[in-house]
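Q: Please take a close look at one strand of this protein and what surrounds it. I would like a connected account that I can follow on the structure.

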Amino acid sequence: QVHLVESGGGLVQAGGSLRLTCAASGRTTINMGWFRQAPGKEREFVAAISWTTNTYYKDSVKGRFTISRDNAKNTVYLQMNQLKPEDTAVYYCAVQRGRWGSRGTNDYENWGQGAQVTVSS
């Protein structure tokens, strides 16, 4: 089973940038995704990337967030630019077990511990 660890979260002012890193314990070619969960809300899909680097995004982050990966390093990244207060959440990476194109939490597994992202106004 793949073990995932997120890092790179922090506090940033609106309009700023952060880059999250998801490090895997072992090499894998499985598709990966980023999710986020704000206080009192359900966990929601943010972005996904295939082992061949195809991607898709939540509509509200298109043009601001970029998901990428380096399979040789067993890492997935989420570059977040033009951050907004509504982006504040705990961000999780996970392995996609469902069909490519899924945005549902039930189609992902091996969740990391999460990285807190706080965007101040």
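**Strand 4 and its surroundings**

A: In this predicted model, the residues lining the largest pocket divide into three nonpolar, two polar and six charged. Arg-36 and Gln-37 belong to that lining, together with Ala-38, Lys-41, Glu-42, Glu-44, Lys-58, Pro-85, Glu-86, Thr-88 and Ala-89. The space in the largest pocket is about 170 Å³.

Strand 4 covers residues 32–37. Five of its six residues are buried, so strand 4 is largely enclosed by the rest of the structure; buried here means under 20% relative accessible area.

Next come the pairing partners. Strand 4 pairs with strand 5 in the antiparallel sense, over five bridges. One residue to look for is Phe-35, whose bridge partner in strand 5 is Phe-45. The hairpin of strand 4 and strand 5 has six residues between the strands, and Gly-40 takes a positive phi near 75 degrees there. Strand 4 also runs antiparallel to strand 9, and six bridges join these two. In strand 9, Val-90 stands opposite Gln-37.

Now the nonpolar side chains. In soluble globular proteins, nonpolar side chains tend to be buried together. The largest nonpolar core here has 27 residues, and Trp-34, Leu-78, Met-80 and Tyr-91 touch the most other members. Strand 4 is one of the elements that give two or more residues to this core; the others are strand 3 (18–24), strand 5 (44–49), strand 7 (65–70), strand 8 (75–80), strand 9 (89–96) and strand 11 (115–120). Apart from the largest core lies another core, of six residues, among them Phe-35, Ala-48, Ala-94 and Tyr-108.

Tyr-91 can be followed back to strand 4. Leaving aside neighbours within four places in sequence, Tyr-91 is in contact with Trp-34, Phe-35 and Arg-36, among others. Its contacts also include Glu-6, Leu-20, Val-46, Phe-65, Leu-78, Met-80, Gly-114, Ala-115 and Val-117.

For a contrast with the buried residues, turn to Ala-23, which has its place in strand 3. Ala-23 is partly exposed, with a relative accessible area of 33%. Thr-75 is 52 residues away from Ala-23 along the chain, but their C-alpha atoms are separated by 4.7 Å. Not counting residues up to four places away in sequence, Ala-23 touches Thr-75 as well as His-3, Leu-4, Val-5 and Asn-74.

Terms used. Residues numbered from 1 in each chain as written. Predicted model: local features only at pLDDT ≥ 70, side-chain atom pairs only at ≥ 80, totals over all residues. Heavy atoms only, no water. 1 Å grid on protein atoms, 1.4 Å probe; cavity = no way out; pocket = protein on both sides within 12 Å on 5 of 7 lines; lining within 4 Å. Points joined across faces, edges and corners; volume = space filled by probe spheres on them. Nonpolar A, V, L, I, M, F, W, Y, C, P; charged D, E, K, R; others polar. Core = buried A, V, L, I, M, F, W, Y, C linked by side-chain atoms within 4.5 Å. Buried < 20%, exposed > 50% of the residue type's maximum accessible area, 1.4 Å probe, protein only. Helix = DSSP H or I, 4+ residues; strand = E, 2+ residues; numbered from the N terminus. Contact = heavy atoms within 4.5 Å. Pairing = 2+ DSSP bridges.
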